[in-house]
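The exercises below are meant to be worked through with the sequence and the 3D view side by side. Each one sets a task and then gives a solution in steps.

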Amino acid sequence: MKKFIAVALLTAGMGTVSQAHAHRAWMLPSATVLAGDTAWVTMDGAISNSLFYFEHHPLNLDQLEIVDPDGEPVEAQNKASGKYRSVFDTELKKDGTYTFEIRYSGLVGMYKLNDKPVRWRGSADEVKDIPEDAKGLRLFEVDNLMQVFVTKGAPTYETFRTQGVGLEMVPVTHPNDLFAGEVSEFRFLVDGEPAEDLNVVLIRDGIRYRDQVDEIQLKTDAGGGISVEWETPGMYWLEAELEQPGTRSDTTKRRMSYSATVEVLPL
């Protein structure tokens, strides 16, 4: 599975696969807004061609982190991985907004060994472990962040904390307060600075049952912001990708991506 994730990360970073046919990594919550004294959410995770449909590979949950409304870590329960998807449960004990995220930062590479192509993933310290007789080595810096937000009771903003590294999204409109017929605003940062002219794609669920993907394509303004007018309720997958020159002497490119699953509710 680790080898496949490396391939998926590298392919996504290259931006050479069309949106209609790319493998997409995603998490899908059973609900994004809950109420009551006892509240649980079940999260599915997968890598697939059709969004929110299980037909290719389970999502690796090794890097999963869950943060409660006070910024405290929460343990995922009942984690399991099957043939096509991974799953876990989370009890929402506090009122407010929880952040679920998976982040991978490191290096991926490609080389040939004994005339066979090899894809590699690791840290900067592990580059030395690549065989000396590897041919055509190409290394890429990768930073990929995937998030889902779930709220129990009233939405809160305390968990929307950025690290100032890679591509990050700062909600202006709360991601659990999205409604069809309304306009929502989001802001994107790259290394803590506004990500101007960043291409952002939004795709509604159900593409398996549509002739067209019907993706929404937007571009950020000078402040890194976008405005989205939601026409149809449903689950949406949001993604942005950015490529820059590598910051290390041995890396060719730096490839960053941000993705999130958000739910748009009917008025």
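**Exercise 1.** Which residues does F179 touch, not counting residues up to four places away in sequence? Describe also where F179 is found and how it is classed by accessibility.

*Solution.* Keep in mind from the start that this is a predicted model.
- Step 1: locate the residue, which is found in the loop between β11 and β12, the latter covering residues 183–190.
- Step 2: list the partners, leaving out residues up to four places away in sequence, and you obtain W230, V264, L265, P266 and L267.
- Step 3: take one of these partners, L265, and compare the two separations: F179 and L265 are 86 residues apart in sequence, while their C-alpha atoms are 4.7 Å apart in space.
- Step 4: classify F179, whose relative accessibility is 22%; since buried means under 20% and exposed means over 50%, F179 counts as partly exposed.

**Exercise 2.** Describe the overall build of the protein chain, beginning with its helices and strands.

*Solution.*
- Step 1: count the elements, which gives 1 helix and 18 strands in the protein chain.
- Step 2: set the radius of gyration of the chain, 19 Å, beside the 18 Å that the globule rule gives for 267 residues; the two values are close, so the chain is as compact as a globular protein of that length.
- Step 3: turn to the outer dimensions, where the C-alpha atoms fill a box of roughly 60 × 40 × 40 Å along the principal axes.
- Step 4: consider burial and surface together: 47% of the 267 residues count as buried, and the accessible surface comes to about 13,200 Å², of which 46% belongs to carbon and sulfur atoms.
- Step 5: look at the contacts with a separation of 6 or more, of which 67% are accounted for by residues 24 or more positions apart.

**Exercise 3.** What volume does the second largest pocket have, and which residues are the closest to its centre?

*Solution.*
- Step 1: the volume of the second largest pocket is about 270 Å³.
- Step 2: 18 residues line this pocket, and the closest to its centre are E101, Q147, T159, R161 and T162.
- Step 3: trace the lining back to the strands, where β5 (64–67), β8 (96–113), β10 (135–152) and β11 (167–171) each supply at least two residues.
- Step 4: sort the lining residues by character, which yields 7 nonpolar, 6 polar and 5 charged.

**Exercise 4.** Which sign does phi have at D115 and at D214, and where along the chain are these two residues found?

*Solution.*
- Step 1: recall the background, namely that most residues other than glycine have a negative phi.
- Step 2: read the angles, which are positive although neither residue is a glycine, with about 65° at D115 and about 55° at D214.
- Step 3: place them, D115 in the loop between β8 and β9 (116–122), and D214 in the loop between β14 (199–204) and β15 (216–219).
- Step 4: add the accessibility of D115, which at 72% counts as exposed.

**Exercise 5.** Is E239 buried or exposed, and what separates its C-alpha atom from that of K93?

*Solution.*
- Step 1: E239 lies in strand β17, residues 234–245.
- Step 2: because its relative accessibility is 10%, E239 counts as buried.
- Step 3: E239 and K93 are 146 residues apart along the chain, and their C-alpha atoms are separated by 30 Å.

Conventions. Residues are numbered from 1 along each chain as its sequence is written. This is a predicted model: local features need pLDDT of at least 70, side-chain atom pairs count only at pLDDT 80 or more; totals for chains, interfaces and linings use all residues. Side-chain values use heavy atoms; hydrogens and water are left out. On a 1 Å grid over the protein atoms alone, a cavity is a set of points where a 1.4 Å probe fits but cannot get out, and a pocket is an open set with protein on both sides within 12 Å along at least five of seven lines; lining residues have an atom within 4 Å of a point. Grid points are joined across faces, edges and corners, and a volume is the space filled by probe spheres set on the points. Helices (H or I, at least four residues) and strands (E, at least two) are DSSP runs, numbered from the N terminus. Ala, Val, Leu, Ile, Met, Phe, Trp, Tyr, Cys and Pro count as nonpolar, Asp, Glu, Lys and Arg as charged, and the others, Gly among them, as polar. The radius of gyration is taken over C-alpha atoms; the globule rule is 2.2 Å times the number of residues to the power 0.38. Buried means under 20% relative accessible area, exposed over 50%, partly exposed in between (1.4 Å probe, protein chains only). Contact means heavy atoms within 4.5 Å. Accessible areas come from the Shrake-Rupley method with a 1.4 Å probe; for residues, only the protein chains shown count as cover.
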